[in-house]
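Me: I would like to go through some terms used for this protein model. Please set each one against its definition.

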Amino acid sequence: MTDTGKAVVELSANALKVLQRRYLKKGEDGQLLETPEEMFRRVARAVAQAERLYNPAAPVEQWETTFYELLTSLEFLPNSPTLMNAGRELGQLSACFVLPVGDSMESIFEAIKNTALIHKSGGGTGFSFSRVRPHNDVVLSTKGVSSGPLSFMSVFDAATETIKQGGTRRGANMGIMRVDHPDILDFISAKQDDDRLNNFNISVAVTDAFMRAVEADEEYPLVNPRSGETVRTLSARKVFKSMVTLAWKNGDPGIVFIDRINEDNPTPHLGDIESTNPCGEQPLLPYESCNLGSINLARVVPDGHIDYGKLGRITRTAVRFLDDVIDVNRYPLPEIEQMTKGNRKIGLGVMGFADMLLRLQVPYDSEEACRIAGEVMGFIHDEARAESEELARERGVFPNFEGSVFDRPDGARVRNATVTTIAPTGTISIIAGCSSGIEPLFALSYVRANVLDDDRMIESHPYFEQVARERGFYGEELMKRIAEVGSARHVDGIPADVQQVFATAHDITPEWHIRLQAAFQKSTDNAVSKTVNFPNEATVEDVENVYRMAFRTGCKGVTIYRDGSRDEQVLNVGQSKKKREPEPGVGIATTRPARPQLLTGETQRMDTGCGKLFVIMNDDEYGAREVFANMGKAGGCASSNTEALGRLISLALKKGASPQEVVEQLKGIRCHVPYGVGPNATLSCADAIGKALERRYVTGAAAKAGSAPEPQLSLVEVAQGACPDCGGAIEHEGGCAVCRTCGYSKCG
């Protein structure tokens, strides 16, 4: 609240929920200690302190007010770590980091340690594994053979799983490998079964030479990074087809065009760029970090036209804000502080682009939309660069300026090596109340995913509902029909012009997704985070065409998602088509998502007539997940039977059975060798396992205290893609998976 006690920021119910859950300061008991206004004041005050570093007499309070008004207007928001941590003890404000991974055990495990420190502070990390020697290559120090980069990626993944158990932001990684690495085929297929590297996005670093070889149907060399020698050649077209097929199957791998990225490297004298942040939009040198922020384009369209004067003012203030963030930031490693302050990269982007087009009455899939995208981003880039030049006159150029691409007679003297990036804005766009990044709308009308009975709650996009009421075609039945098919196009009762303007992600062909991405890329220093959505029936050839088109049109990378190709199947759009109907005599499949690498639980020792039985019970985020039952040192039938029971119980839990149901089946089973007398007697090994489960999940202290996790939604919903936190819909956008109901994100 302000000093007057009045709220100055207009937040939706969802925005308030996300802020309370993930951003606002809390006490040890979880009690909220600040309001949204106080959060914005905290951030503005902390960032404004940087002004004193350059001028002891700087009007810090005036800049604090300016930044506060920028944030509370929801015209601009910085990346999540800045909102969470500015003005607080942690003080780590960057979203993106890239760490080097060298070809030695020391370098690899130093990177793992540094990854843990960054994830603990709320950041995401990117790595290139291209320098690690391939598997079965010689290790001179031990005369052994290398296990290869894929084995070490699993260690990074496990470390991430451990760190993300607590905190406000999940750790996320990008793993990149050059297409000419000898292990590239193993890398491409690393995530094909959805049960490995669950904390990684992976992308192949594709070279221009490789793409030319694809076009010419030629072979290309695989080069050992240890020796620099060519070890063999492969058909470029077959390798490309493998990438495309696996991306069609489950979205991974993506592609980054590494030569194009390095063509725009502003500091080539410091080295080549080899990796990006987790969602691919921020190429960085080793040990670089970047501070991102996004302008809400929905706020600069009054009366159906773009207010460029307002957009310019927002842009310039945002650039100064992001430059100040670099100085007040507390970096997790001294090497990161040195590199970040040396180049002073910032990444100003946009959100609410789809909302802007709606207010301009321009269809997303149109030449006019591409023209607007290029014009708006070009304007933002020019204004951002102009402000960076102004800051350079006031504060000096970035320290690594000498030798950079700007260091020439006609070059601009700038404060920041880069100024623009299009990032995914899953959670901050919820706070701002606008569409995410440059993505189209996900849905116009949808069913709340945690309501599966006939009395479903229909929610609608507010602007669509406003237009529907103004044009006189609004109705509950119509909204239900839209929710069923997932689109307003080709729905009777909706005017043709409204159908055309209110396009959703699956109304838009993949080619238009790429054309819009390319239009923004032309005026973006770094890269553009965008997901190209495909319908479930899309073919491998459709995906291949989009990858080729992304290369031809100047994109720096491409990420695709084919509807229904992962466990996070969207539930609440076109629900009647997505809902899994059982075949005759077959129950509904309710399989949980892939097992995490790290699970927590407890072990109970049970005395039985066959000996000491150890029952290990592990939980995931939905509750009881797996059971192992080991019969001490015993062998033979007793040991094999208890192992078999554990496997079957684990399978039942995975398929949706509750611990109570398992207990009911096992308790009371007798064998010829019971142990003990009275109510505490163990009648058999099966009875012992049932009683162990009962103690933990049904009647025990853990269940009563709530420390044993309980599912927040049915496994039918989980299997069909409901958000594990709230039951809302998972949307694939910007190279990530996001729930816009509660702010849950798989990318942090």
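**A helix, a sheet and two cores**

Me: What makes helix H24 lie across E19, E20 and E21, and at what angle to E20 does it run?

Reply: Helix H24 (residues 685–698) lies across these three strands and runs at about 40° to E20. Helices (H or I, at least four residues) and strands (E, at least two) are DSSP runs, numbered from the N terminus. Axes are lines fitted to C-alpha atoms, for helices over the stretch in contact (heavy atoms within 4.5 Å). Angles run from 0 to 180 degrees between N-to-C directions. The model is predicted, with local features needing pLDDT of at least 70, side-chain atom pairs pLDDT 80 or more, and totals for chains, interfaces and linings using all residues. Residues are numbered from 1 along each chain as its sequence is written, and side-chain values use heavy atoms, without hydrogens and water.

Me: How do you know that strand E20 and E21 pair?

Reply: Pairing requires at least two bridges found by DSSP. E20 (residues 611–620) and E21 have 7, in the antiparallel sense, so they count as paired. Phe614 stands opposite Asn630 in E21.

Me: Why are E19 and E21 called edge strands?

Reply: The open sheet has the order E19-E20-E21. Strands E19 (600–608) and E21 (623–630) each pair on one side only.

Me: What makes a set of residues a nonpolar core?

Reply: Its members are buried (under 20% relative accessible area, 1.4 Å probe, protein chains only) Ala, Val, Leu, Ile, Met, Phe, Trp, Tyr or Cys, joined through side-chain atoms within 4.5 Å. The largest has 132 residues, with Phe210 and Phe353 having the most contacts inside it. Helix H14 (residues 367–395) gives the most, 9 residues. A second, separate core of 20 residues includes Met606 and Cys685.

Note on methods. Buried < 20%, exposed > 50% of the residue type's maximum accessible area, 1.4 Å probe, protein only.
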